[in-house]
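Colleague: Got a minute to go through a fold with me? I'd like the sheet, the core and any odd backbone spots.

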Amino acid sequence: MTKLSVSAITGPYCATYTQGEQLFAQVAQHLRAGAHVQLDFADVEFTSSSFFNEFFGSILEKFGEETLSQCLSFVSLRPRHRFVLDRTRYATPV
């Protein structure tokens with residue numbers, strides 16, 4: 001398993017789609033190698049739906065739902081970050 005610090009990659013404010021792209025670029029390297037990736041949100045102060053939409057959308061497009069659900073895990077999420085992640089990750093299509 002590979003553990004990546006989100007704040008080391010994007011900084012403490014994960015607010016933009018560009019930051020979602022930055023995180024995806026780092027995670028994708030490990031997923032291509034077949035690794036399970038654990039994203040550590042320690043020291044992250046803010047997350048937004050734009051950030052998670054870009055990150056999850058890129059993962060789904062390049063690797064699929066199975067990889068997203070089986071090869072990624074999240075730790076050190078504050079309750080408000082978990083809320084945004086869950087609302088973005090498990091959004092019901094209209």
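Modeller: Here is a quick walk through the model, which is predicted.

Colleague: Start with the sheet. In what order do the strands run?

Modeller: Three strands form an open sheet, ordered 1-3-5, with parallel pairing. Strand 1 (2-5) and strand 5 are the edge strands, and each pairs on one side only. From one strand to the next, the twist averages 25°.

Colleague: How many bridges between strand 1 and strand 3?

Modeller: Four, in the parallel sense. Strand 3 and strand 5 also pair in the parallel sense over four bridges.

Colleague: Give me the register. Which residue is the bridge partner of Ser5 in strand 3?

Modeller: Asp40. On the other side, Leu39 has Phe74 of strand 5 as its bridge partner.

Colleague: Which residues of the edge strands are on the covered face, and which on the uncovered one?

Modeller: In strand 1, Thr2 and Leu4 are on the covered face, while Lys3 and Ser5 are on the uncovered one. In strand 5, Leu72 and Phe74 are covered, and Ser73 and Val75 are uncovered.

Colleague: Now the core. Which residues touch the most other members?

Modeller: The largest nonpolar core has 23 residues, and Val27, Leu39, Phe41 and Phe55 touch the most other members. Helix 2, strand 3 (37-40), helix 3 (49-63), strand 5 (72-75) and helix 5 (79-89) each give two or more residues to this core.

Colleague: Take Leu39. What does Leu39 touch beyond four places in sequence?

Modeller: Leu4, Val6, Leu23, Val27, Phe55, Ser73, Phe74 and Val75.

Colleague: Leu23 and Val27 are in helix 2. Which residues of that helix are buried?

Modeller: Gln19, Gly20, Leu23, Phe24, Val27, Ala28 and Leu31.

Colleague: Why would that spacing make sense for one side of a helix?

Modeller: An α-helix has 3.6 residues a turn, so residues three or four places apart point the same way.

Colleague: How far does helix 2 reach?

Modeller: Helix 2 covers residues 17-32, 16 in number, and reaches 22 Å from first C-alpha to last. That is close to the 22 Å expected at 1.5 Å a residue. Just after helix 2, Gly34 has a positive phi of about 85°.

Colleague: On to odd backbone. Which residues other than glycine have a positive phi?

Modeller: Two to look at are Asp43, at about 70°, and Ser76, near 60°. Most residues other than glycine have a negative phi.

Colleague: Where are Asp43 and Ser76?

Modeller: In loops. Asp43 is between strand 3 and strand 4 (46-47). Ser76 is between strand 5 and helix 5.

Colleague: Why does Asp43 count as exposed, and Ser76 as partly exposed?

Modeller: Asp43 is exposed because its relative accessible area is 57%, over the 50% cut-off. Ser76 has 43%, so it falls between the 20% and 50% limits.

Colleague: Switching to cysteines. How many disulfides are there?

Modeller: Zero in the whole structure. Cys14 is buried, with a relative accessible area of 0%. Cys71 is partly exposed at 23%.

Colleague: Last one. What is Glu65 in contact with outside its neighbours within four places?

Modeller: Leu60 and Arg89. Glu65 is in helix 4 (residues 65-71). At 41% relative accessibility, Glu65 counts as partly exposed.

Definitions and conventions:
Residues are numbered from 1 along each chain as its sequence is written. This is a predicted model: local features need pLDDT of at least 70, side-chain atom pairs count only at pLDDT 80 or more; totals for chains, interfaces and linings use all residues. Side-chain values use heavy atoms; hydrogens and water are left out. The expected span of a helix is 1.5 Å times one less than its number of residues. Buried means under 20% relative accessible area, exposed over 50%, partly exposed in between (1.4 Å probe, protein chains only). Contact means heavy atoms within 4.5 Å. A nonpolar core is a set of buried Ala, Val, Leu, Ile, Met, Phe, Trp, Tyr and Cys residues joined through side-chain atoms within 4.5 Å. A disulfide is a pair of cysteine sulfur atoms within 2.5 Å. Two strands pair if DSSP finds at least two bridges between them. Axes are lines fitted to C-alpha atoms, for helices over the stretch in contact, and angles run from 0 to 180 degrees between N-to-C directions.
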